[in-house]
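Reader: I am new to this structure and would like to learn how its features are read. Could you take me through them one at a time, with the general idea before the case?

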Amino acid sequence: MSDRPIIAVLVSGSGSNLQAIIDASERGEIPGRVGLVLSNKADAYGLERARKHGIPTAVVNHKSFESREAFDAKLVEVIRASGAVLVCLAGFMRVVTPVFLRAFPHRILNIHPALLPSFPGTHGPAQALRYGVRFSGCTVHFLDEGVDTGPVIVQAVVPVHEDDTEETLAARILKEEHRIYPMAIRLFLAGRLSVEGRKVATKGAKKIPDFSHRNPDA
């Protein structure tokens, strides 16, 4: 197991996507292992999830640094020391700077609870409900210097019900997040992804089947 590629996961909260990644790794569904869980908050439950699986953890408090760049430089130092080849943001509630991004070019993944480029930023499910869309979902993408603007790797779609609340829609989306984040990691570690401008090409990808429009009379 020690020779499997190392993944560093950054969390700020409960870490349910972290748990999905750990579980997928332990089932052998991704050719890598979580070798570091890093948080900017000492009380983040994601750290406890890591400890339960014997995964090394680290805390870097952003409040201890005079600038975002200095904070990010410390994150880079800790991640590089772990030997990680891939960095995954899983509810990491900090906007990273070019210091961080340029240290791991095309090696940082993020997951967002909306079908990007629609509804970037915070509260994706609430934005979807306010707009009145019939479908929402989630997106795994490469991180870039914009806000949720990086090249898209995998997306999943869920229906929006007329009686949905932000909480019910977010819960439906979260189930898909747990499914597609490990999928994107598997594709990356298998060397099947290549970035061509804004597009991500996937070697050996199957054609996505058509599906019916939602019929409001059904």
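Author: Let us begin with a turn, keeping in mind that this is a predicted model. In the hairpin of S8 and S9, two residues lie between the strands, and Gly197 there takes a positive phi near 65°. The two strands, S8 (residues 193-196) and S9 (residues 199-202), run antiparallel and are joined by four bridges, and Leu193 stands opposite Thr202 in S9.

Reader: Which residues that are not glycine have a positive phi?

Author: His106, although not a glycine, has a positive phi of about 55°, and His106 is found in the loop between H4 and S5. His123 is another such case, with a positive phi of about 60°, and its place is in the loop between S5 and H5. With a relative accessibility of 47%, His106 counts as partly exposed, whereas His123, at 53%, counts as exposed. The loop between S5 and H5 also holds Pro117, which a cis peptide bond joins to Leu116, with omega at about 10°.

Reader: Which strands pair with S4, and in what sense do they run?

Author: Strand S1 (residues 6-11) pairs with S4 in the parallel sense over four bridges, and Leu10 has Leu89 as its bridge partner in S4. Strand S5 (residues 108-112) also runs parallel to S4, joined to it by three bridges, and there the bridge partner of Val87 is Ile108.

Reader: Which way do the residues of S4 point, and are they buried or exposed?

Author: From strand S4 (residues 86-89), Leu86 and Cys88 point one way while Val87 and Leu89 point the other way, and all are buried.

Reader: How many disulfides does the structure hold, and where is the cysteine sulfur nearest to that of Cys88?

Author: The structure holds zero disulfides. Cys88 is in no disulfide, and the nearest cysteine sulfur, that of Cys138, is 14 Å away. A disulfide needs its two sulfur atoms within 2.5 Å, so the 14 Å between the sulfur of Cys138 and the closest cysteine sulfur, in Cys88, is too far for a bond. Cys88 is buried, with a relative accessible area of 0%, and Cys138 likewise counts as buried at 0% relative accessibility.

Reader: How is a pair of aromatic rings described, and how many such pairs does the structure hold?

Author: In general, a pair of aromatic rings is described by the distance of the centres and the angle of the planes. The structure holds four aromatic pairs. One of them is formed by Phe100 and Phe104, whose ring centres are 5.6 Å apart and whose planes are at 65°, so the pair is edge-to-face. Phe100 counts as buried at 0% relative accessibility, and Phe104 counts as buried at 3%.

Reader: Where do Arg80 and Arg94 sit with respect to rings?

Author: Arg80 lies over the face of Phe104, at 6.0 Å from the ring centre, and the charged end of Arg94 sits over the ring of Phe71, 5.8 Å from its centre.

Reader: What volume does the largest pocket have, and which residues are closest to its centre?

Author: As a general idea, rolling a probe the size of a water molecule over the atoms shows where empty space is left. Here the largest pocket has a volume of about 1,000 Å³. It is lined by 37 residues, of which Gly91, Phe92, Met93, Asn110 and Ile111 are the closest to its centre. Helix H1 (16-26), helix H4 (98-101), S5, helix H5 (124-131) and helix H6 (166-189) each supply at least two residues of this lining, and the largest share, four residues, comes from H6.

Methods
Residues are numbered from 1 along each chain as its sequence is written. This is a predicted model: local features need pLDDT of at least 70, side-chain atom pairs count only at pLDDT 80 or more; totals for chains, interfaces and linings use all residues. Side-chain values use heavy atoms; hydrogens and water are left out. Buried means under 20% relative accessible area, exposed over 50%, partly exposed in between (1.4 Å probe, protein chains only). Rings of Phe, Tyr and Trp (its six-membered ring) pair if their centres lie within 6.5 Å; planes under 30 degrees apart count as stacked, over 60 as edge-to-face and the rest as tilted. A charge sits over a ring if NZ of Lys or CZ of Arg is within 6 Å of the ring centre and within 35 degrees of the ring normal. Two strands pair if DSSP finds at least two bridges between them. On a 1 Å grid over the protein atoms alone, a cavity is a set of points where a 1.4 Å probe fits but cannot get out, and a pocket is an open set with protein on both sides within 12 Å along at least five of seven lines; lining residues have an atom within 4 Å of a point. Grid points are joined across faces, edges and corners, and a volume is the space filled by probe spheres set on the points.
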